[in-house]
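Hi,

Here is the structure I promised to pass on. Have a look at it first, and then read my notes underneath.

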Amino acid sequence: MDFFANFIAGFTVALQPINFMFCFLGVFVGTLIGVLPGIGPVGTMAILLPITYGIPPTTAIIMLAGIYYGAQYGGSTTSILVNIPGEAASVITCLDGYQMARKGRAGSALGIAAFGSFIAGTFGVIGLQLLAPPLVSVALRFGPPEYFSLMILGFVVLTYLAQKSMAKALLMAGVGVLLGTIGLDTMTGMPRFTFNIPELLDGVGLAPLAMGLFGISEIFLNVEKTVKQEILTTKLRGLFPTLAEWKRAIGAILRGTVSGFFLGILPGGGAVLGSFVSYALEKRISKTPQDFGTGMIEGVAAPEAANNSAAQGAFIPLLTLGIPANVVMAILLGALMIHNITPGPMLVKEHPQLFWGVISSMYLGNIMLLVLNLPLIGLWVQLLRVPYSLLFPMILFICLIGAYVINNSAMDVVLMFLFGVIGYLMRKFEYEPAPLVLAYVLTPLLENALRQSLILSGGSFGIFVSRPISAACLVVAAALLLSSLLPMIRKRREKMIAEAEEDE
Amino acid sequence: MNADRVSSLFWLLLGLIAVYGSFQLGLGTMNEPGSGFLAFLAGSFIICVSGGIFLQSLIRFRGTPLEVKSLWAASNWHRSLIIAVLTLGFILALEGLGFFITSFLLLFLLFKVVEKLSWGKAVLIPALTLTVTYVVFNIFLKSNLPKGIFGF
């Protein structure tokens, strides 16, 4: 009965005109940036953060959430038609989606991607609604040591999944923690690393940091490249998959939904991980694995379902524990804290309208996205023809103005530009910005948890291993770190042995 | 010049500065950590990991090393440099000259000089963009865009 009561209560919030409108705005913008390569959901959410200051927190989170899961829908369009992923979680869709389009089956690919995303997204929201309340009661057993260890686990998982070097990703997490200490110490009131700049007393803002690292640096990198977009000109027919296509795809959609949802909950996980793992799973269980990459509908259905359900699952640790599962959730956490709302176990009691309103808005958002992505597919195809040379000045300009209006201060614009240059150099030298931003957002929580734990234990770090949940988190983190080292050690031994044999 | 070697030395220096700064702030005691405690831990961590990356770059047991020159070899880095300079100019002039003038100049130069669009497009697109931005930020969101010395 609670489920339905919460369901109805949430809908009364989600159906308020302002929330409905911003939900539509969020999913529309999300689809747009998912379709357009060159900017992803993180950069967009960072750019739109200043806009959320003037609207109620529930509305702000509904809009920002809409951008995130909307981008998962939109990303499939450009992956299928142009073979360029609109955002990271749609990379894997390129493999079979583009091949389907080349064989004249673009309509089926787009249709199954949209329907699969809708089914997965809806199941994901149901899962969120069912799992979040019991997890809240588990979260109430978390004390400072558990929170600290869980955050450390989150850093390790995120860096474990780093595309380049894990060591570099860990280094970025350390830099993020250091950046997070800039400003006034909340316990002692002492200014830290402010260099006598008054604007830094409140720390480096999340919006300038994220806009710089993800927005400005992306522009600097993209303008250096010449990317030719060849959009397949086949007519889009038959957006509704045939019965035979449904029979093949439905299993993949359901498996992708489940795997994506649980991978999305994992700290460090998210839509990207979900899409990759679901594709690998489908290939493994397929009777014709050699056909993956040639236009298999399962190769589109599974990752598209997974990335959408993962997007919903990622809300669970944020809303129940107050720990962001990935950098997108870190931006949402930042947005909540800007509105003086601390997510965690007490969120559902202190702000039930926000909690259930956001969840219910996702049902509406998924319906809106199905409408946006099927009948309006022609519009998105036209947008793909807009050259990047016209887009990037707009994106740059919106970033600059967006940064200024945060505090009507040029300092925020300067900081954004500085982080833009730093982000550009970081990416050139193969350092990923995501661990840095996640660590930066978590630093106030991390520091409080660390300090409180040490006060509780009288200065002993043993408290982190003597409490079972905390110990479990640290053991898993250590195991992941060790498992990443083992292949290196093995390969090094093999290389040394080979070199020794050559010398003989 | 090995890219990992250069970058790791940079981060090593940052870590050393952080550790020095944390001592200035005070580490406190183990049962009452001070303002510099977390910065000390973060700085020490940065030093250790960057040291590891530096050593790894010397040993080179993994693949072909990344050279600094190669990072910019096959790219139009001049474009990003020009855009960065124009952006910096915008930031420096924004509060002095005001939102309209600096924004128009930035967009016009980006479209005309960098992207080499026609005069018509290079004027029309910024004009439309400024109008929409003004409506959204100043009227809808009630932000205060800078007016500059000319009052607009």
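Below is what I found, going from each chain to the contact and the core.

One thing before you start: this is a predicted model.

**Chain A**

Chain A is built from 22 helices and two strands. How does its radius of gyration sit against that of a compact globule? For 504 residues the globule rule gives a value near 23 Å, and chain A has 23 Å, so the two agree. If you want a feel for the dimensions, the C-alpha trace of chain A spans about 80 × 65 × 50 Å along its principal axes. Of the 504 residues in chain A, 59% are buried. Looking at contacts in chain A with a separation of 6 or more, 80% are between residues 24 or more positions apart.

**Chain B**

Chain B has six helices and two strands, and from the N terminus on they come in the order α-β-β-α-α-α-α-α. Here the globule rule does not fit: a compact globule of 152 residues would have a radius of gyration near 15 Å, but chain B has 24 Å. The box filled by the C-alpha atoms of chain B is roughly 60 × 45 × 25 Å, again along the principal axes. Buried residues account for 26% of the 152 residues in chain B. As for contacts in chain B between residues at least 6 apart in sequence, 59% of them link residues at least 24 apart.

The domain assignment splits chain B into domain 1 (3-73) and domain 2 (77-140). Measuring from centre to centre over C-alpha atoms would be the obvious next step, and the computed separation of domain 1 of chain B and domain 2 of chain B is 38 Å.

**Where the chains touch**

How many residues does each chain bring to the contact? Chain B brings 51 residues and chain A brings 47 residues. On the chain B side, the elements giving two or more residues are α1 (3-25), β2 (32-33), α2 (37-59), α4 (77-97), α5 (99-114) and α6 (119-140) of chain B. Of these, α4(B) gives the most, with 11 residues. Sorted by class, the side of chain B that touches chain A has 29 nonpolar, 17 polar and five charged residues.

**The nonpolar core**

The largest nonpolar core has 203 residues, and the members that touch the most others are A:A210, A:L332 and A:V437. Helix α6 (residues 106-139) of chain A gives the most to this core, with 16 residues. Chain B takes part as well: domain 1 (3-73) and domain 2 (77-140) of chain B both give residues to this core, so the core lies between them.

If you want to click around, start with A:V437. Leaving out residues up to four places away in sequence, A:V437 touches A:G176, A:L209, A:A210, A:L213, A:V327 and A:A330.

**A helix to look at**

Is helix α3(A) mostly covered or mostly open? Covered: 12 of its 12 residues are buried. Among them are A:P41, A:M45, A:L48 and A:P50. Around α3(A), its buried residues pack against α2 (17-35), α4 (57-82), α9 (206-222), α14 (327-338) and α18 (388-407) of chain A. The length of α3 (residues 41-52) of chain A works out too: at 1.5 Å a residue, its 12 residues should span 16 Å, and the end C-alpha atoms are 15 Å apart, which agrees.

**Two residues to compare**

A:V175 lies in helix α8 (residues 166-180) of chain A. Why does A:V175 count as buried? Because 28 other C-beta atoms lie within 10 Å of A:V175, and the cut-off for buried is 20 or more. Setting aside residues up to four places away in sequence, A:V175 touches A:L436 and B:I46. A:V175 and A:L436 are 261 residues apart along the chain, yet their C-alpha atoms are separated by 6.3 Å.

A:T294 lies in the loop between α11 (271-285) and α12 (298-313) of chain A. With 14 other C-beta atoms within 10 Å, A:T294 is partly exposed. A:T294 and A:Y98 are 196 residues apart in sequence, and 8.8 Å apart in space from C-alpha to C-alpha.

Cheers

How values were computed
Residues numbered from 1 in each chain as written. Chains lettered and ligands numbered in written order. Predicted model: local features only at pLDDT ≥ 70, side-chain atom pairs only at ≥ 80, totals over all residues. Domains from an automatic or database assignment. Contact = placed C-beta atoms within 7 Å. Helix = DSSP H or I, 4+ residues; strand = E, 2+ residues; numbered from the N terminus. Nonpolar A, V, L, I, M, F, W, Y, C, P; charged D, E, K, R; others polar. Rg over C-alpha atoms; globule rule 2.2 N^0.38 Å. Expected span 1.5 Å × (residues − 1). Core = buried A, V, L, I, M, F, W, Y, C linked by C-beta atoms within 7 Å.
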